[in-house]
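Visitor: I'm new to this one. Can you walk me through it?
Guide: Sure, here it is.

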Amino acid sequence: ETAGLVSLWVFLPLFGMLMIVIGLVFANFNALAMEPQGHVAGMASSLTGAISVLLGALIGYIIGQGYDGTMVPLFSGFLLCGLVVLAILLWVEKGRLFGAQAPA
């Protein structure tokens, strides 16, 4: 048994693919968030970027404190953050996330 340890050669490609997907998702979410901003899209984009960096650093620090030599804290952090984001999206979109879209 490897006690939760993953080979570097297994971890790197999987984590690399995860980062590519996250990059695509973030770019699309930011573009969707800027759509209704119109003439203040630049300011809104700056604010979104600043908040993302600050929250990312705080959450990364918290997850990093749980490091125990395994991948468990990292992947637990991804799972927990993903579930929180999904809950926020469901709340903000008022159930429209998986249902029929309202006519424009």
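**Where two helices meet**

Guide: In α1, Phe11, Phe15, Leu18, Met19, Ile22 and Phe29 meet Leu74, Phe75, Phe78 and Leu89 of α3. Contact means heavy atoms within 4.5 Å.
Visitor: How many of the residues in that contact are nonpolar, polar or charged?
Guide: The α1 contact with α3 has 10 nonpolar residues, no polar and no charged. Ala, Val, Leu, Ile, Met, Phe, Trp, Tyr, Cys and Pro count as nonpolar, Asp, Glu, Lys and Arg as charged, and the others, Gly among them, as polar.
Visitor: Is this model predicted or not, and what should I know about it?
Guide: This is a predicted model: local features need pLDDT of at least 70, side-chain atom pairs count only at pLDDT 80 or more, and totals for chains, interfaces and linings use all residues. Residues are numbered from 1 along each chain as its sequence is written, and side-chain values use heavy atoms, leaving out hydrogens and water.
Visitor: At roughly what angle do the axes of α1 and α3 cross?
Guide: Roughly 20°. The axes of α1 (residues 8–34) and α3 (residues 72–92) come within 14 Å. α1 and α3 are therefore roughly parallel (angles under 35 degrees).
Visitor: New topic. How many helices and strands does the protein have?
Guide: Three helices and zero strands. Helices (H or I, at least four residues) and strands (E, at least two) are DSSP runs.
Visitor: What share of the residues is buried?
Guide: Buried residues make up 6% of the 104. Buried means under 20% relative accessible area, with a 1.4 Å probe and protein chains only.

Note on methods. Buried < 20%, exposed > 50% of the residue type's maximum accessible area, 1.4 Å probe, protein only. Axes fitted to C-alpha atoms, helices over the stretch in contact; angles between N-to-C directions. Parallel < 35°, antiparallel > 145°, perpendicular 65-115°, else oblique.
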